[in-house]
Amino acid sequence: MASATSFYDFKPLDKRGQEFPLDQFKGKVVLVVNTASKCGFTPQFEGLEKLYTSVREKHGDDFTVLGFPCNQFGGQDPGTDEEIQSFCQVNYGVTFPIMKKTEVNGDNTNPVFKWLKSEKPGLLGLERVKWNFEKFLVGRDGQVKGRWASTTKPESIEKEILKELEKKA
């Protein structure tokens with residue numbers, strides 16, 4: 001989708017394989033995370049869920065987290081979409097949307113991630129996701145405001161999320 005100008009231009013697939021138009025988040029703040037169920041960073045699901053619920057308590061549905069399962073890093077999310085959903089809910093009580101398993105690098109990169117990476121390249125300007133649980137913050141205007149490595153704990157970016165929420169669309 002070369003003509004994409006904002007996050008809202010995309011329609012990735014949800015856990016059932018149905019289009020999930022991101023324009024439903026216009027004027028809201030979104031944290032996009034590529035996730036995995038069998039990774040050393042998997043416990044971040046707990047932090048992501050806490051962040052999701054605590055920020056929403058104060059700001060309602062002006063904020064969401066979107067998880068995009070990915071099996072490209074060490075085969076750490078080999079399950080089916082149903083197994084991944086169940087794992088997230090049973091083990092971490094995840095209530096934020098978990099999308100259909102996707103690719104974040106390579107020839108079959110999900111267009112959302114292709115755009116996110118081009119808008120906010122990583123270290124040394126590299127347009128690739130290094131590992132599971134990289135995080136991209138999208139502001140109310142549909143533009144990428146921040147990008148954090150897998151090692152960044154969700155709670156440590158709450159201040160940046162709140163700063164974006166203070167801005168008006």
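Here are some notes on a predicted model, for someone looking at it fresh.

1. Start with Cys-39. UniProt, in an unreviewed entry, places the feature "active site" at this residue. That label comes from the record, and the annotation may be inferred rather than shown by experiment. To find Cys-39 in the model, look at the loop between β1 (29-35) and α1 (44-59).

2. Is Cys-39 buried or exposed? Its relative accessibility is 9%, and buried means under 20%, so Cys-39 counts as buried. Leaving aside neighbours within four places in sequence, Cys-39 is in contact with Gln-76, Trp-131 and Asn-132.

3. Trp-131 is worth a second look, as this contact of Cys-39 is also one of the residues that line the largest pocket. The pocket holds about 260 Å³ of space. Others in its lining include Gly-122, Leu-123, Leu-126, Arg-128, Lys-130 and Glu-134, and Arg-147, Trp-148, Ala-149 and Ser-150 belong to the lining too. By type, the lining divides into 5 nonpolar, 2 polar and 4 charged residues.

4. Now for the charged pairs. Side chains of opposite charge can pair when their charged atoms come close. How many salt bridges does a search of the whole structure find? The count is 9, and three of them are picked out below.

5. Arg-140 and Asp-62 meet through their side chains in a salt bridge, at 3.2 Å from N to O. This pair links distant parts of the chain, 78 residues apart: Arg-140 is in the loop between β3 (135-138) and β4 (144-148), while Asp-62 is in the loop between α1 and β2 (63-69). Arg-140 counts as buried because its relative accessibility is 10%, whereas Asp-62, at 25%, counts as partly exposed.

6. Asp-81 and Lys-100 form another salt bridge between side chains, at 2.9 Å from N to O. Asp-81 lies in helix α2 (residues 81-92) and Lys-100 in the loop between α2 and α3 (111-119), so the pair ties together parts that are 19 residues apart in sequence. With 11% relative accessibility, Asp-81 counts as buried; Lys-100, with a relative accessible area of 30%, is partly exposed.

7. The last pair to check is Glu-164 with Lys-167, a salt bridge whose closest N and O atoms are 2.9 Å apart. Which partner is buried? Glu-164 is, with a relative accessible area of 6%, while Lys-167 counts as partly exposed at 39% relative accessibility.

Definitions and conventions:
Residues numbered from 1 in each chain as written. Predicted model: local features only at pLDDT ≥ 70, side-chain atom pairs only at ≥ 80, totals over all residues. Heavy atoms only, no water. 1 Å grid on protein atoms, 1.4 Å probe; cavity = no way out; pocket = protein on both sides within 12 Å on 5 of 7 lines; lining within 4 Å. Points joined across faces, edges and corners; volume = space filled by probe spheres on them. Nonpolar A, V, L, I, M, F, W, Y, C, P; charged D, E, K, R; others polar. Helix = DSSP H or I, 4+ residues; strand = E, 2+ residues; numbered from the N terminus. Buried < 20%, exposed > 50% of the residue type's maximum accessible area, 1.4 Å probe, protein only. Contact = heavy atoms within 4.5 Å. Salt bridge = Lys/Arg side-chain N within 4 Å of Asp/Glu carboxyl O.
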